[in-house]
Amino acid sequence: MLGKVEICGVNTAKLPTLKSDEMTELLRRSHAGDERARETLIQGNLRLVLSVIQRFASRGENADDLFQVGCVGLIKAIDNFDVSQNVRFSTYGVPMIIGEIRRYLRDNSAIRVSRSMRDTAYRVLQAREKLQRENQREPTVEQIAKELDIPREEVVFAMDAVVDPVSLFDPVYSDGGDTVCVMDQVRDTRNTDESWLDRIALREAVDKLSPREQRILAMRFYDGKTQMEVSGEIGISQAQVSRLEKNAISAIRKSL
């Protein structure tokens, strides 16, 4: 994608750029109904679309499709940008372009969610964009929930349901040496191959104990009872409980 010169018939090597004062003037004219100014704005910000779609290069999607979808997001950003706010257009435009591309990828994803959850997610995204246009900043979950008059939990569930899936093998960081992947950051240190083998060995060792020894260990280390409490329930002395407990632990250690 990065080495491609033409996308959708557009020569990316010859895309124009606009200065800040030109952007402001063209935005004012565009909002006043000047179609030529609007077209100039679109052409002058196509590099912005290109920079955004490079973030999705690893998804394996067609670059032409992403570019067209990104242009839709760019047009929405141009039409909805508030020139009275002291914010650069790119600060507002990039999230709009990313949102449009993510919506496209979500709709074409192999992972499916329920229709009701999907409808809620669309409402959440629309409310998010609306609040973002009004406040020129990312709204909080509470603000979105208040806007839609739904519980905060529904907003969170809806947003999580349509989030882009991430591969465990996606690189997170690389300094020229070993690459750190997502798997390295979310790895379960408890359920490793070694811990599974230890658990199997422990279970086999416990199975070799007598039923009474197993019961004593369960009451002492799972139920948290004292030796006196165990002796009262089993009907033997505390000294016998202590002896049986020590013998059982010694047998397990020897087995391991």
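This passage describes the fold, two helices, one pocket and several individual residues of a predicted model.

The chain contains 13 helices and 4 strands. Of its 256 residues, 32% are buried. The accessible surface of the chain is about 16600 Å². Carbon and sulfur atoms account for 49% of that surface. Contacts between residues at least 6 apart in sequence were also examined. Among these, 54% join residues at least 24 apart.

Helix H5 covers residues 89-107. At 1.5 Å a residue, its 19 residues should span 27 Å. The C-alpha atoms at its ends are 27 Å apart, so the model agrees with the expected span. Several residues of H5 are buried, beginning with Phe89, Tyr92, Gly93 and Val94. Met96, Ile97, Ile98, Glu100 and Ile101 are buried as well. Arg103, Leu105 and Arg106 complete the set of buried residues in H5. Charged side chains are thus represented in this set, with Glu100, Arg103 and Arg106 among the buried residues. The cover over the buried residues of H5 includes four other helices. These are H1 (20-31), H3 (46-53), H4 (63-80) and H6 (115-135). An α-helix has 3.6 residues a turn, so residues three or four places apart point the same way.

Helix H4, one of the helices that cover H5, has 18 residues. From its first C-alpha to its last it reaches 26 Å, close to the 26 Å expected at 1.5 Å a residue. Ala63, Leu66, Phe67, Val69 and Gly70 are among its buried residues. The others are Cys71, Gly73, Leu74, Ala77 and Ile78.

Helix H1 also helps to cover H5, and two of its residues were examined individually. Ser30 is found in H1. Its relative accessibility is 9%, so Ser30 counts as buried. Leaving aside residues up to four places away in sequence, Ser30 touches Ala37, Arg38, Leu41 and Ile78. Of these partners, Ile78 is itself one of the buried residues of H4. Thr24 lies in H1 too. Thr24 is partly exposed, because its relative accessible area is 29%. Thr24 and Phe89 are 65 residues apart along the chain. Their C-alpha atoms are separated by 8.7 Å. Phe89 is one of the buried residues of H5.

Phe89 also appears in the lining of the second largest pocket. This pocket holds about 380 Å³ of space. Its lining is made of 19 residues. Ser20, Met23, Arg88, Phe89 and Ser90 lie nearest its centre. H1, H3 and H5 are the elements that give two or more residues to the lining. The largest share, 5 residues, comes from H1. By type, the lining divides into 8 nonpolar, 7 polar and 4 charged residues.

Two residues in loops stand out for their backbone angles. Gln136 is not a glycine, yet its phi is positive, at about 60°. Gln136 lies in the loop between H6 and helix H7 (141-148). At 14% relative accessibility, Gln136 counts as buried, since the cut-off is under 20%. Asp149 likewise has a positive phi, near 60°, and is a residue other than glycine. Asp149 is found in the loop between H7 and helix H8 (152-161). Asp149 is exposed, because its relative accessible area of 70% is over 50%.

Further along the chain, two residues take part in contacts around helix H11. Leu209 lies in the loop between helix H10 (193-207) and H11. Its relative accessibility is 8%, so Leu209 counts as buried. Beyond residues up to four places away in sequence, Leu209 touches Gln214, Leu217, Ala248, Ala251 and Ile252. Leu209 and Asn247 are 38 residues apart in sequence. In space, they are 9.6 Å apart, C-alpha to C-alpha. Arg212 lies in H11 itself, which runs over residues 211-221. Arg212 is partly exposed, with a relative accessible area of 42%. Its contacts, again not counting residues up to four places away in sequence, are with Ile234, Ile236 and Leu244. Arg212 and Leu244 are 32 residues apart along the chain. The distance between their C-alpha atoms is 8.6 Å.

Notes. Residues numbered from 1 in each chain as written. Predicted model: local features only at pLDDT ≥ 70, side-chain atom pairs only at ≥ 80, totals over all residues. Heavy atoms only, no water. Expected span 1.5 Å × (residues − 1). Buried < 20%, exposed > 50% of the residue type's maximum accessible area, 1.4 Å probe, protein only. Contact = heavy atoms within 4.5 Å. 1 Å grid on protein atoms, 1.4 Å probe; cavity = no way out; pocket = protein on both sides within 12 Å on 5 of 7 lines; lining within 4 Å. Points joined across faces, edges and corners; volume = space filled by probe spheres on them. Areas by Shrake-Rupley, 256 points an atom, 1.4 Å probe, with all protein chains shown as cover.
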